[in-house]
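Please load the model in a viewer and set it to a cartoon view, with side chains available on demand. The stops below are meant to be followed in order.

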Amino acid sequence: MKKLLLLCVFCMGGVLSGRSQDVIFLHKDNPLAGRVLWEKSKGDSLFYRSAVSSGDSLLLFVPRRRVEYVLSDGDRRMLYRGKTRGWQPWRGRTFNEVPQHRMLYAASWSTILDGWSIDASAMRMLGHGDRVGVGAFVRYLSTQPTRDSYWDTDPSIDTYDHRAVAFGPQAEIRGYSRRLKTFFYVDFGLGTTCHWFEWGDLSAKLEWLSHRVDPRELEKQYPSTQWAYQFNYRLGAYVRLMRGLYADVAFTGIGHIFTRIPQKYISSDQFPFGLSVGLRFGRERR
C-alpha cells in the first residue's frame, strides 16, 4: 500500500512537470523517482536525473545491489541482466524470475519396501535466493516384511507388523531450473523414532516362553515397543502447479538406528527405500 501511494505521487509529479519519470524500487528503502539513464547504468551504479524546484535536474546514482527493480514508461519492469545485456524488460510468469519463499510446507506419501509411509514438514528458507531450508519433519510408516526361507514353506513364521512414528530436524538444499521452471532438491533429516512390533505367529510362542524364562530378557529380544533413531533422505523435484502450490516427486530412503536390534528383525526393514509423491505449498514473495 505504501509503495502504491508513493507510485501515485511520483506519477502525478511526472504529469505535472510535463516529463515522464521512472520509479526505482529499493530492497529496504523508499522508492526513488527520476529519469533513469539506461546507457550510463550498465555498471555497478544506476544513474538517474531528479527534478528540483528550480526546474533543473540533478544527476544522482544509487548502487545497483540496492535496486530491486525499476518501473519504467508503460509500466515496464526493468531487471538487471548482467554487464553485457544491462537492464532489460522483465518477461516471466511471476515477478521474481526464481520464485522465493519465506516458509515452505510439504506433505507426501511414499511407497517403500514392504510397506508405506506418510510425512509432513515445514521449513524456513534461508540464504541468497532461498537455496537452503531448515525446519522439522514428522513421519509415520507401516511395514510387513517377509523373510524368504528355504527350509520353511510357511512365510508367516518370518513375518511381523512394524509401525513407527519419527520426528526431528530437517535441512534442504535446492536449485532452480529456469528452462524447466522446476526446483531440484536434496534433503536430509535426523530424528527420534518410536517403534511398535506385533510378532504374528510368534506371539503365541512368546506367551508360552514368558512363563519359563525371564520376561525382561524376552522383551529385550522381542520388544513390543522400542525407541531408536531415524535418518531419512530425499532426492527429487517439484514443479509449480499454480502460484504457491507445487507437485513433488522424489526418491526417498529411510534408515533406523537401533541400540539393540530385535530378534527376527529383517534387514530390509531397517533401510527401506522407495518413491515419494506429494505437494508443497508456501506463499511466494514478490
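The tour goes from a sheet to salt bridges and then to aromatic rings. The model is a predicted one.

**Stop 1: the open sheet**

Begin with strands β1 to β7. These seven strands make up an open sheet with antiparallel pairing, and their order across it is β4-β3-β2-β1-β5-β6-β7. Colour residues 57-63 and 87-89 to mark the edges: these are β4 and β7, each of which pairs on one side only. From one strand to the next, the twist averages 40 degrees.

Next, select residues 22-26 and 32-36. These are β1 and β2, an antiparallel pair held over three bridges. Within this pair, V23 has A33 of β2 as its bridge partner.

**Stop 2: a salt bridge between loops**

The structure contains twelve salt bridges. Show the side chains of D29 and R66, which form one of them with an N to O distance of 2.6 Å. D29 belongs to the loop between β1 and β2, and R66 to the loop between β4 and β5 (67-72), so this contact ties together parts 37 residues apart in sequence. Are these two side chains buried or exposed? Neither label applies: D29 is partly exposed at 42% relative accessibility, and R66 is likewise partly exposed at 34%.

**Stop 3: buried charges and their network**

Move to E172 and R280, whose side chains meet in a salt bridge at 2.9 Å, N to O. E172 sits in strand β12 (residues 161-177) and R280 in strand β16 (residues 273-281), so the bridge joins parts that are 108 residues apart in sequence. E172 is buried, at 1% relative accessibility, and R280 is buried with a relative accessible area of 2%.

Now add R234 and D187, which form a salt bridge at 3.6 Å, N to O. R234 lies in strand β14 (residues 225-242) and D187 in strand β13 (residues 182-198), so parts 47 residues apart in sequence are tied together here. Both residues, R234 and D187, are buried. Which residues complete the picture? Select D119, R139, E172, D187, R234, D248 and R280 together: salt bridges with shared partners join them into one network.

**Stop 4: aromatic pairs**

Switch to the rings; the whole structure has 16 aromatic pairs. Select Y105 and F281: the ring centres are 5.7 Å apart and the planes stand at 25 degrees, so this pair is stacked. The two rings link distant parts of the chain, with Y105 in strand β9 (residues 103-112) and F281 in strand β16, 176 residues apart. Y105 is partly exposed, with a relative accessible area of 32%, and F281 is partly exposed at 39% relative accessibility.

Then turn to Y176 and F183, where the centres lie 4.8 Å apart and the planes are at 55 degrees, so the pair is tilted. Y176 is buried with a relative accessible area of 18%, and F183 is buried with 2%. Extend the selection to Y185, Y238 and Y246, which form one aromatic cluster with Y176 and F183.

**Stop 5: charges over rings**

Keep Y185 displayed and bring back R280. R280 lies over the face of Y185, 4.3 Å from the ring centre. R280 also belongs to the salt-bridge network, while Y185 belongs to the aromatic cluster. For a second example, select K40 and F47: K40 lies over the face of F47, at 5.1 Å from the ring centre.

Technical notes. Residues are numbered from 1 along each chain as its sequence is written. This is a predicted model: local features need pLDDT of at least 70, side-chain atom pairs count only at pLDDT 80 or more; totals for chains, interfaces and linings use all residues. Side-chain values use heavy atoms; hydrogens and water are left out. Two strands pair if DSSP finds at least two bridges between them. Helices (H or I, at least four residues) and strands (E, at least two) are DSSP runs, numbered from the N terminus. Axes are lines fitted to C-alpha atoms, for helices over the stretch in contact, and angles run from 0 to 180 degrees between N-to-C directions. A salt bridge is a side-chain nitrogen of Lys or Arg within 4 Å of a carboxyl oxygen of Asp or Glu. Buried means under 20% relative accessible area, exposed over 50%, partly exposed in between (1.4 Å probe, protein chains only). Rings of Phe, Tyr and Trp (its six-membered ring) pair if their centres lie within 6.5 Å; planes under 30 degrees apart count as stacked, over 60 as edge-to-face and the rest as tilted. A charge sits over a ring if NZ of Lys or CZ of Arg is within 6 Å of the ring centre and within 35 degrees of the ring normal.
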